[in-house]
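Student: Could you sit with me and show me how to read a structure like this one, feature by feature?
Tutor: Gladly. Let us open it and take the features in turn.

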2 protein chains.
Amino acid sequence: MTDPTDLTQAAEIMAATRACVDPELRRAIETLPGSMRRVALYHFGWEHADGTPAAGHAGKAIRPALVLAAVRALGGDTACAVRAAAAVELTHNFTLLHDDVMDRDTTRRHRPTAWTVFGDADAILAGDALQALAQRLLAEDPHPAAPAAAARLAACVLELCAGQHADCALEHRGPDEVTLAECLTTAEAKTGALLGCACALGALYAGAGREVTEALDGFGRQAGLAFQLIDDVIGIWGDPRRTGKTAGADLAARKKSLPVVAALTSGTAAAAELARLYGYSGTPGEMTRAEVERTARAVEGAGGRDWAQLHAADRMSRAVCELAGAVPDPEAAGGLLALAEFVTRRTH
Amino acid sequence: MTDPTDLTQAAEIMAATRACVDPELRRAIETLPGSMRRVALYHFGWEHADGTPAAGHAGKAIRPALVLAAVRALGGDTACAVRAAAAVELTHNFTLLHDDVMDRDTTRRHRPTAWTVFGDADAILAGDALQALAQRLLAEDPHPAAPAAAARLAACVLELCAGQHADCALEHRGPDEVTLAECLTTAEAKTGALLGCACALGALYAGAGREVTEALDGFGRQAGLAFQLIDDVIGIWGDPRRTGKTAGADLAARKKSLPVVAALTSGTAAAAELARLYGYSGTPGEMTRAEVERTARAVEGAGGRDWAQLHAADRMSRAVCELAGAVPDPEAAGGLLALAEFVTRRTH
């Protein structure tokens, strides 16, 4: 599992995914009414705010890559599932646009978030439009799996909404009022659900039955939780030049990410220090640079970083178990395993 | 066309629609995750803000009534289209939830809007969830028309978003910078599109071909524009005890509704007075009660009220023309005609 070729393979899969899904995505986005098209093209990194073409930084394509890898793992024809892969990516980006509005996040993929450029209303509308576009792609898809895929994607959106709601609610509570269990449940709904759905859609497009589809969903969910854990680690200790986010922005905003909550609930001396840094009365200001660094050390000292990495590895092994049941041939499962491996080993 | 029995017939159709669509709607909403369910039940008027049961004021059900009336007009089985009718109503309410957030509207159906009670984030999430729920209903519907209906509904959402964007943009321009033509285009996208889509879905569920489906869409669009014109008239001169909105709230907020823009562009002396009342420099405050009354008189004096009523009648006759082409039998078309008649004759 430490073979560096795994990461190369994942990078290749994601590049190949971009190459076949991006044209479908762009074609779909070009059909949007003007205002939504402009916001979407900016959000995907294909245009600057003034509408001039941009090089593109449209994320890692992990979700569409999972759709296609799941199709391949089950012996299906990936060409038929490109539209479904694009629908999953549109859905993901609809939630990003709305989450950024709700969370007042100002930076994504190295650039100002859409609402900071176009205002709340246009960012909300662009998100609404991307959700509709995703469903339109599936509704117009003649593949026999399309209706089941559409129903599953819609159900997944409900889970994503529940996850975002729980996440917002957690942020409004004090640092001593959250448990690790509820943070994990929230992360599963917010991140695991869509990675699971991506794999399940791939299974449906490969003609899989209920049991295999659910196993693929379980694989994606567990890998998704590993993904979120590593994302949180990178959010604290990652290199901002590579992550596209401000260093320690999650800490400065006192976000209750998984490593932080693990640290807070560790019962250590560092946990008490962290609770002091995270606790506030009256108007909460952003932390200073020095406070952010002290906080990062406290999270690490309280074991939050180690816990997140160990727990990510645990989730990965659960993911591998789910997958082994449905796809016993390691060769066939290779693409999915490489992608899952990637999400727990990446550094940005 | 002045026969008051038309209004009775429309009221009966809408009551019958509520009786068969409401259970489907509630069943769908009950499947939502807790937080979204709570906001949706409040928004539909089935619960108070504290979660206790409420009598319900879930709007006029004009859109689901159009779905079912279109099915009946074309000889289809309305029982099979209840789910589609519920999907249209969910879609409508998703846009209301989001529009209220964007427009900062504080009152709807006699009650505080959802965002004022639950906050922006939960109102946005509830809207997202209702859009997903609408699509899930259609994706899970075994009726052969369901995929085409889902695609059409998703395309309609894109038009609704474009209409809302144009509406927001109009509100940010000065009173001398908007034309009546662009306001009508906006109203068609914002209101006409979904009424047209409702009728088109009914046609699809009755097994109609492309031409009849488009004629039904055209009927709904024209009736929808008439609906919006009358809605704007009621928004200025309606009885707040019946409309559920503050008297003259649209004027107080200097909204560029259709009668106002018709008045502004009339070239009359009253138009100049109105432009002065609507124009502002620096920070725009809400109008006083006396200013609202003066503004309403100026809109009326400049012919805005008469224009809106005449133009609504013109749209209604276009609607009737569209319908006559597709459904020549007046008996069969009766329900649709009664509903269209209702929207141009109602007073609240």
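What follows is a walk through a predicted model.

Student: Let me begin with the two chains. How are two copies of a chain related?

Tutor: In general, two copies of a chain are related by a rotation about an axis and a shift along it. Here, a rotation of 180 degrees with 0.0 Å of shift along its axis puts chain A on chain B, with an RMSD of 0.0 Å. The two copies are thus related as by a two-fold rotation axis.

Student: Which surfaces do the copies meet through?

Tutor: They meet through the same surface, because 100% of the interface residues of chain A are also interface residues in chain B. Chain A brings 31 residues to the contact and chain B brings 33 residues. On the chain A side, α2 (34–43), α4 (82–103), α6 (120–139) and α7 (146–171) each supply at least two residues. The most comes from α7(A), with 12 residues.

Student: What classes of residue make up the side of chain A that touches chain B?

Tutor: That side has 21 nonpolar, 6 polar and 4 charged residues.

Student: And the core? Which residues have the most contacts inside the largest nonpolar core?

Tutor: They are A:Ala70, A:Leu153, A:Leu339, B:Ala70 and B:Leu339, in a core of 255 residues. Take B:Ala70 as an example to click on. Once its neighbours within four places in sequence are left aside, B:Ala70 touches B:Cys199, B:Gly202, B:Ala203, B:Ala206, B:Leu216 and B:Leu336.

Student: Now helices. How are two packed helices described?

Tutor: The general idea is to give the angle between their axes and the distance between the axes. Look at α13 (residues 269–278) and α14 (residues 289–301) of chain A: their axes come within 8 Å and cross at roughly 145 degrees. The crossing of α13(A) and α14(A) is left-handed.

Student: Which residues make that contact?

Tutor: From α13(A) come A:Ala270, A:Glu273, A:Leu274 and A:Leu277, while α14(A) offers A:Glu291, A:Arg294, A:Thr295, A:Ala298, A:Val299 and A:Gly301. By class, the contact of α13(A) with α14(A) counts 5 nonpolar, 2 polar and 3 charged residues.

Student: What about α14 in chain B? Is B:Glu293 there buried or exposed?

Tutor: In between, as it happens. B:Glu293, which lies in α14 (residues 289–301) of chain B, counts as partly exposed because it has 14 C-beta neighbours inside 10 Å. Its C-alpha atom is 7.9 Å from that of B:Gly248, 45 residues away along the chain.

Student: Where does A:Gly334 sit?

Tutor: A:Gly334 is in helix α16 (residues 330–345) of chain A. With 17 C-beta neighbours inside 10 Å, A:Gly334 counts as partly exposed. In sequence, A:Gly334 and A:Arg72 are 262 residues apart, yet in space their C-alpha atoms are 9.6 Å apart.

Student: Last one: backbone angles. What sign of phi do most residues other than glycine have?

Tutor: Most of them have a negative phi. A:His110 has a positive phi of about 70 degrees although it is not a glycine. You will find A:His110 in the loop between β1 (107–108) and β2 (111–112) of chain A, and its 13 C-beta neighbours inside 10 Å make it partly exposed. In chain B, look at B:Arg254, with a positive phi near 55 degrees. B:Arg254 is in the loop between α11 (249–252) and α12 (258–264) of chain B, and counts as partly exposed with 18 C-beta neighbours inside 10 Å.

Notes
Residues are numbered from 1 along each chain as its sequence is written. Chains are lettered from A and ligands numbered from 1 in the order in which they are written. This is a predicted model: local features need pLDDT of at least 70, side-chain atom pairs count only at pLDDT 80 or more; totals for chains, interfaces and linings use all residues. Two residues are in contact if their C-beta atoms, placed from the backbone, lie within 7 Å. Helices (H or I, at least four residues) and strands (E, at least two) are DSSP runs, numbered from the N terminus. Ala, Val, Leu, Ile, Met, Phe, Trp, Tyr, Cys and Pro count as nonpolar, Asp, Glu, Lys and Arg as charged, and the others, Gly among them, as polar. A nonpolar core is a set of buried Ala, Val, Leu, Ile, Met, Phe, Trp, Tyr and Cys residues joined through C-beta atoms within 7 Å. A residue is buried if 20 or more other C-beta atoms lie within 10 Å of its own, exposed if 12 or fewer, and partly exposed in between; C-beta atoms are placed from the backbone. Copies are superposed by least squares on the C-alpha atoms of residues with pLDDT of at least 70 in both. Axes are lines fitted to C-alpha atoms, for helices over the stretch in contact, and angles run from 0 to 180 degrees between N-to-C directions. A crossing is left-handed if the near helix is turned anticlockwise from the far one by less than a right angle, and right-handed if clockwise.
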